[in-house]
Amino acid sequence: MTVGEFLESRLKRCLIYILLVIIFAVILLATGTQAGVLALLLITLALAAVLIQTLTYLRLRARCRELLAISDGLDQKQLFTECIPPAEDPYERFLFGLMRRSGQAMIAGVSDAQAAQREYREYIESWVHEIKAPITAARLLGQGLDGDVRRRLAAELAQIEAHVERALYYARAESPERDCVIRRLELSRLVAQAVQTHRSLLIQSGVRVETNLPECTVYTDEKWAAFILGQLLQNAARYRSGTPVVSICAHPLGKQVQLSVSDNGIGIPQHELSRVSDRGFTGSNGRLRGGSTGMGLYLCRKISDFLGIQLEITSQEGEGTCVTLTFPMRQAVPEERD
């Protein structure tokens, strides 16, 4: 609370006080009070009023700072009403009571929303595990078909699996710390895992993968990092050129490691580049090719932020796209979780 705000809140009171003093002075003059005595009384009243208002301002400012410090110290601001000190007067007690009732209603609403979100996430995770069974069965049944139909069916099933996996990671991305284990990994192994997982899609799309991975290790979560790489490979296959090539290379950068995934695809228009990781943004290429959900790069950005991985996207329309992942130092990543 500033002095100006305090004086503004007290303006009406001050005007009423001045009016009463004027009436008091007029009455005293009418009753024959000497001017010197009247002046002394008025000065005394003015000094008393200034002293009282100054003390009031200092008390209210200290009170505001105390409440602000309590609010700033809370991670969950909705718990403020449960942590405020006792009221100092009946008016403050009344206000705190209203705030407490409002806060309790909000806490109940937040708890209900969190419970509903948790139930939905658990349902999605359960559904994903259940849907994998018929996908696997369909893949086994497709093995009895002729070569071309079998390959086309395998590619479509791979697309279904990719969408299912994206739904699973989207549900888990709301609280990734529940399923995150940071450990030391060989970068070449991580890349090989991602390429092998999407092998059918890459072969069906005619994408050639070239790697240049010197011996280096990173500290990250294997599943989450492999998912990010998988999304980049899927995008390279979806937005491929006539002779698609994906180049994956890495090099140490001090205590960090940079991993670059480059393709020679159709690229991203410059005016869309800053929005490609926004949730639900498909862009002109996504609408042209069809089948884009606008969730892949959004999840990559969200997961990489959690893992402390710097994700940078550069692209030239008609020439290709390069996504650079900078893995953090060991002490910079989140603590290991089981």
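I will talk through a surface patch, one buried glutamine and the cysteines of this model.

The model is predicted, so local features need pLDDT of at least 70 and side-chain atom pairs count only at pLDDT 80 or more, while totals for chains, interfaces and linings use all residues. Residues are numbered from 1 along each chain as its sequence is written, and side-chain values use heavy atoms, with hydrogens and water left out.

Let me begin with the patch. Ten names would be long to read aloud, but a nonpolar patch on the surface, with about 860 Å² of accessible area together, includes Leu11, Tyr17, Ile22, Phe24 and Val37. Patch residues have over 30% relative accessible area and no salt bridge, with nonpolar side chains (Val, Leu, Ile, Met, Phe, Trp, Tyr) joined within 5 Å and like charges within 9 Å; a salt bridge puts a side-chain nitrogen of Lys or Arg within 4 Å of a carboxyl oxygen of Asp or Glu. Areas are from the Shrake-Rupley method with a 1.4 Å probe, and for residues only the protein chains shown count as cover. Helix H2 (11-30) and helix H3 (35-72) each supply at least two of the residues, and H2 gives the most, with seven. Helices are DSSP runs (H or I, at least four residues), numbered from the N terminus.

Now to glutamine 231, in helix H9 (residues 222-238), which counts as buried because its relative accessibility is 1%, where buried means under 20%, exposed over 50% and partly exposed in between (1.4 Å probe, protein chains only). Beyond its neighbours within four places in sequence, glutamine 231 is in contact (heavy atoms within 4.5 Å) with Glu165, Arg166, Gly296 and Cys300.

Finally, the cysteines: with a disulfide taken as a pair of cysteine sulfur atoms within 2.5 Å, the count comes to zero. For cysteine 64, the nearest cysteine sulfur, that of cysteine 14, is 17 Å away.
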